[in-house]
Amino acid sequence: MNNDTSCNIPSGCEIDLSPAHAKPAAMLYSRKAQATDTIIDINGVKIGGRGFAVIAGPCSVESRQQLFATAYGVHAAGAVVFRGGAFKPRTSPYSFQGGGQKALDLLKDVNRELHIPIITEVMDTEDLEAVCQSADILQIGSRNCQNFSLLKKAGRTGKPILLKRGYMNTVDEFLLSAEYILAEGNPNVILCERGIRTFETSTRNTLDIAAIPVLKDRTHLPVVVDPSHACGHSQYVPALAKAAMAAGADGLIVEVHIHPETALCDGEQSLSPNQFAELMDDLRIMAPALNRKLA
Ligand code: PEP
Ligand code: MN
């Protein structure tokens, strides 16, 4: 048998084996690359630094009435960015999947009326253009934290990106996912701790509170916490939100619904606008003791 496989194989069409980006001297997310905190400015709303920025809104956009009523409520209570999902990553294919383009249009209407920046999730590269038209911040969800082609393409849009920690990802893996976006020349990355999967079942996930000081030590990027997905029950959300501020987070992303009991998605973990306003009052009292200022 002839083991010389090199014979008669045509050359050409060779694969480029070099990585797309040369490795920097220090990871772009690291304090070595940048010692000072990154502060992201979204039309005057700052995320990072001394300010504490609260993002709030429903899990999903359901109707104009639901969206505007919730938006007015959270805005009046002090939320500085409005959230609402148009493309939803649901565990079951038979659950509500999000309102798509119509939902994006309604989010844009909220932005026009209240002048509040909008964050919404992009699940697929094919929706990037449409989502960029309506969103001021792109949300990349926990399930897509290691969807590297999405990270690269979303990074190239130049839009600020809130990257949620994969529920099975270590802090190192999470930071490397952020690096994918930074390596595309997009410095506007907000990290979001939203709970990880553990053996505990009393809560939907386990909020990794220690990840906050660890991330603040290892990266200059702002860190926000999602207490809603972390625990899955609205009655525990205020405690986790306050713990996040005490642990050094730069802000929160909280689910709020005008009628949590009828929400199409994540009603159990959604605060009513009144409950949200009470939480904001508590955070406003806590902030000075922690040398923070509610944005
Ligand atoms: C959400 O924010 O509604 C969401 C789906 O979050 P996560 O990706 O953290 O599950
Ligand atoms: Mn949700």
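## Contacts, metal site and aromatic pair

Leaving aside residues up to four places away in sequence, Lys 293 touches Arg 50, Gly 51, Phe 52 and Ala 287 in this predicted model. Lys 293 belongs to strand 11, which covers residues 293-294, and the residue is exposed because its relative accessible area of 53% lies over the 50% cut-off. Between the C-alpha atoms of Lys 293 and Arg 197 the separation is 32 Å, with the two positions 96 residues apart along the chain counted as their spacing.

The manganese ion (ligand 2) has as its protein donors Cys 59 through SG, His 229 through NE2, Glu 255 through OE and Asp 266 through OD, at 2.0 to 2.4 Å from the ion. Along the chain these donors follow the spacing C-x169-H-x25-E-x10-D. Distant parts of the chain are linked by His 229, in helix 7 (residues 227-231), and Glu 255, in strand 10 (residues 251-255), which stand 26 residues apart.

The structure holds one aromatic pair, formed by Phe 148 and Tyr 180, whose rings are stacked at 4.5 Å centre to centre with 25° between the planes. Phe 148 lies in helix 4 (residues 148-156) and Tyr 180 in helix 5 (residues 171-182), 32 residues apart, so that the pair too links distant parts of the chain.

The accessibilities of the residues in these two pairs are set out below.

| Residue | Relative accessibility | Class |
|---|---|---|
| His 229 | 8% | buried |
| Glu 255 | 0% | buried |
| Phe 148 | 31% | partly exposed |
| Tyr 180 | 32% | partly exposed |

Methods. Residues are numbered from 1 along each chain as its sequence is written. Chains are lettered from A and ligands numbered from 1 in the order in which they are written. This is a predicted model: local features need pLDDT of at least 70, side-chain atom pairs count only at pLDDT 80 or more; totals for chains, interfaces and linings use all residues. Side-chain values use heavy atoms; hydrogens and water are left out. Donors are N, O and S atoms within 2.8 Å of the metal (3.2 Å for Na, K and Ca); water is not among the atoms, so sites may look incomplete. Helices (H or I, at least four residues) and strands (E, at least two) are DSSP runs, numbered from the N terminus. Buried means under 20% relative accessible area, exposed over 50%, partly exposed in between (1.4 Å probe, protein chains only). Contact means heavy atoms within 4.5 Å. Rings of Phe, Tyr and Trp (its six-membered ring) pair if their centres lie within 6.5 Å; planes under 30 degrees apart count as stacked, over 60 as edge-to-face and the rest as tilted.
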